[in-house]
Amino acid sequence: MVEFSASILNCDFTRLGEEIRTAEAAGVDAFHLDVMDGHFVPNISFGSPVTKHIRNLTKLPIRAHLMIADPVEYAPRFIETGADEVLYHIEVADSDTLPKLLEHGKPIGVTLNPDTALESVYPILPELSQVLLMSVFPGFGGQSFIPETLQRITALKCEIERQKLSLPISVDGGVNPQTAPAIREAGADILVVGSALFRSKDYAAVVRAVKGG
Ligand code: DX5
Ligand code: ZN
């Protein structure tokens, strides 16, 4: 069964507590915080203070997806305020980035934009907690799923198996009840869903449909 990770980017922030509780009651498995700095992506979302609020609202895993130019500088603040896992972008990393992030003792995952070569992360797979494949270009929720992502999921899964690792693949962007079956079929383990959940009238129905239950 795939994991459903709820992205709060498009939730109703005027009712954040209620949204978190309702999503948890609907069966989401984790919360995904889309952090944007206006440099790496052309949008600004929220910072570590939001992590602290979410941490006080749920015991579920909180993952910080850092769409920011300097993850080494800011990751500690998300960890200190309650993030269980940090996902950085390979596009802004150098050879020191992952070792420095791992110093904080938390699981670290890597994220790739749709046009970033999968091979760019093959050497570091053994040190990662997951690989997040963007199925939209980062910056905004509510975009359409890029279908070429399906082949990327399958190719990455082959490489993970070749390296004899058990490393989850996440997919983020345009994931909804319509796109989820093909994403599951391609081999993804964690589906990040934002708009399709928080814009729906029945969160539990969306969770069931995306998980294939
Ligand atoms: C893109 C963000 C979104 C967000 C959810 O920068 O990372 O992908 O998670 O997107 P939707 O609303 O398409 O589920
Ligand atoms: Zn995200």
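Start by selecting threonine 179, which you'll find in the loop between β7 and α6. Keep in mind as you click around that this is a predicted model. Is threonine 179 buried or exposed? It counts as buried, because its relative accessibility is 18% and the cut-off for buried is under 20%. Now show what touches it: leaving aside neighbours within four places in sequence, threonine 179 is in contact with Phe145 and Gly174.

Next stop, the metal. Select the zinc ion, ligand 2, and bring up its protein donors: His32 through NE2, Asp34 through OD, His65 through ND1 and Asp172 through OD. These donors lie 1.9 to 2.2 Å from the zinc ion. Along the sequence, the donor residues follow the spacing H-x1-D-x30-H-x106-D. Colour two of them, histidine 65 in strand β3 (residues 62-67) and aspartate 172 in strand β7: they are 107 residues apart in sequence, so the pair ties together distant parts of the chain's numbering. Histidine 65 and aspartate 172 are both buried.

Now for a helix. Select residues 149-162, and you have α5, with 14 residues. From its first C-alpha to its last, α5 reaches 20 Å, close to the 20 Å expected at 1.5 Å a residue. Which residues of α5 are buried? Show Thr149, Arg152, Ile153, Leu156, Glu159 and Ile160. Look down the axis: these residues cover an arc of only 130°, which puts them on the same side of α5. Turn to the face pointing away from that buried side, and you'll meet the exposed residues Gln151, Glu161 and Arg162.

What covers the buried residues of α5? Add β5 (108-112), β6 (131-134), β7 (169-172) and α6 (180-186) to the view, as the cover includes these elements. Then step past the end of the helix: α5 is followed by lysine 164, which has a positive phi, near 55°.

Last stop: asparagine 113, in the loop between β5 and β6. With a relative accessible area of 9%, asparagine 113 is buried. Which side chain does its own side chain meet in a polar contact? Select histidine 89, and you'll see the two side chains paired at 3.5 Å. Then widen the selection. Leaving aside neighbours within four places in sequence, asparagine 113 is in contact with Phe40, His89, Glu91, Met134, Pro138 and Arg152. You've already come across Arg152, one of the buried residues of α5.

How values were computed
Residues are numbered from 1 along each chain as its sequence is written. Chains are lettered from A and ligands numbered from 1 in the order in which they are written. This is a predicted model: local features need pLDDT of at least 70, side-chain atom pairs count only at pLDDT 80 or more; totals for chains, interfaces and linings use all residues. Side-chain values use heavy atoms; hydrogens and water are left out. Helices (H or I, at least four residues) and strands (E, at least two) are DSSP runs, numbered from the N terminus. The expected span of a helix is 1.5 Å times one less than its number of residues. Buried means under 20% relative accessible area, exposed over 50%, partly exposed in between (1.4 Å probe, protein chains only). The arc is that of the directions from the helix axis to the C-beta atoms. Contact means heavy atoms within 4.5 Å. A polar contact is a pair of N or O atoms within 3.5 Å; within protein, one must be able to donate a hydrogen and the other to accept it, and residues adjacent in sequence count only if both atoms are side-chain atoms. Donors are N, O and S atoms within 2.8 Å of the metal (3.2 Å for Na, K and Ca); water is not among the atoms, so sites may look incomplete.
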